Amino acid sequence: MKLKKGYVITGIIVVVVVILGGWLISTSNGFVRSQQQIKQDQGNLEVQLQRRADLTPQLVSTLQGSMKNEQKIFGEIAASRNQYANAKNLKDKNQAVQNMDKQTNVLLNAVQENYPTLASSNQVSELMTQIEGSENRVSQARRDYNQDVTAYNTKIAVFPGNVIANMKGLKPYDEFKADPSAQKAPKINLNTDK
């Protein structure tokens, strides 16, 4: 009987050690998975920030070019109209009308051919949509990052995970915090007089 009792106690000790070892390995691997998720979130956030940094100036530049073209055509039509209004004789009025017709034809051809596109209002709308989309992607990437950092920091702070975290020297990650200057809305300059 003593022999059987010794096997039972040894068996119980082995089962406890296996369960404890499995828990330690599982918890340790959970920390590693959480750290990798945080690194992926950091990368995703950086991708979205880079996308915004690359896209916004390109969209603004494209819009400015279109607006400059429209301003040039409409400015030339207005100048021809002023020339007509200031004309003193029939010859000058005729010249002004011809200039106005020429500029109007340029405008009509541009609209018909869609080259160059005279649609800055559509491009402004597209710019706003793209900026909004970029900002939404950045916001979502920040939320994902902060959510995973919070989950990881909680895992390493609560018992019994904190025991393993301390043994492994794991430290909490910082959540993403907006720059204080982010409290002010960014300014987009569509001035075409540059």
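**Exercise 1.** Which residues of helix 4 are buried? Work on the predicted model, and then say how these residues sit around the axis.

*Solution.*
Step 1. Apply the cut-off: a residue is buried when its relative accessible area is under 20%.
Step 2. In helix 4, the buried residues are Gly161, Ile164 and Ala165.
Step 3. Their arc around the axis is only 100°, so they lie on the same side of helix 4.
Step 4. Turn to the other side of helix 4: Asn166 and Met167 are exposed there.
Step 5. Go past the end of the helix. Gly169 follows helix 4, and its phi is positive, near 70°.

**Exercise 2.** Find the residues that make the nonpolar surface patch, and say which helix gives the most to it.

*Solution.*
Step 1. List the members: Leu20, Trp23, Leu24, Phe159, Val163 and Met167. The patch covers about 620 Å².
Step 2. Assign helices. Helix 1 (2-86) and helix 4 (161-168) each supply at least two residues.
Step 3. Helix 1 gives the most, with three residues.
Step 4. Take one member, Trp23, which is found in helix 1. Its relative accessibility is 33%, so Trp23 counts as partly exposed.

**Exercise 3.** Classify Tyr84 as buried, partly exposed or exposed, and give its C-alpha separation from Gln95.

*Solution.*
Step 1. Locate the residue: Tyr84 is found in helix 1.
Step 2. Recall that partly exposed lies between the 20% and 50% cut-offs.
Step 3. Tyr84 has a relative accessible area of 36%, so it is partly exposed.
Step 4. Now the pair. Tyr84 and Gln95 are eleven residues apart along the chain, and their C-alpha atoms are separated by 8.0 Å.

Methods
Residues are numbered from 1 along each chain as its sequence is written. This is a predicted model: local features need pLDDT of at least 70, side-chain atom pairs count only at pLDDT 80 or more; totals for chains, interfaces and linings use all residues. Side-chain values use heavy atoms; hydrogens and water are left out. Patches are made of residues with over 30% relative accessible area and no salt bridge: like charges are joined within 9 Å, nonpolar side chains (Val, Leu, Ile, Met, Phe, Trp, Tyr) within 5 Å. Accessible areas come from the Shrake-Rupley method with a 1.4 Å probe; for residues, only the protein chains shown count as cover. A salt bridge is a side-chain nitrogen of Lys or Arg within 4 Å of a carboxyl oxygen of Asp or Glu. Helices (H or I, at least four residues) and strands (E, at least two) are DSSP runs, numbered from the N terminus. Buried means under 20% relative accessible area, exposed over 50%, partly exposed in between (1.4 Å probe, protein chains only). The arc is that of the directions from the helix axis to the C-beta atoms.
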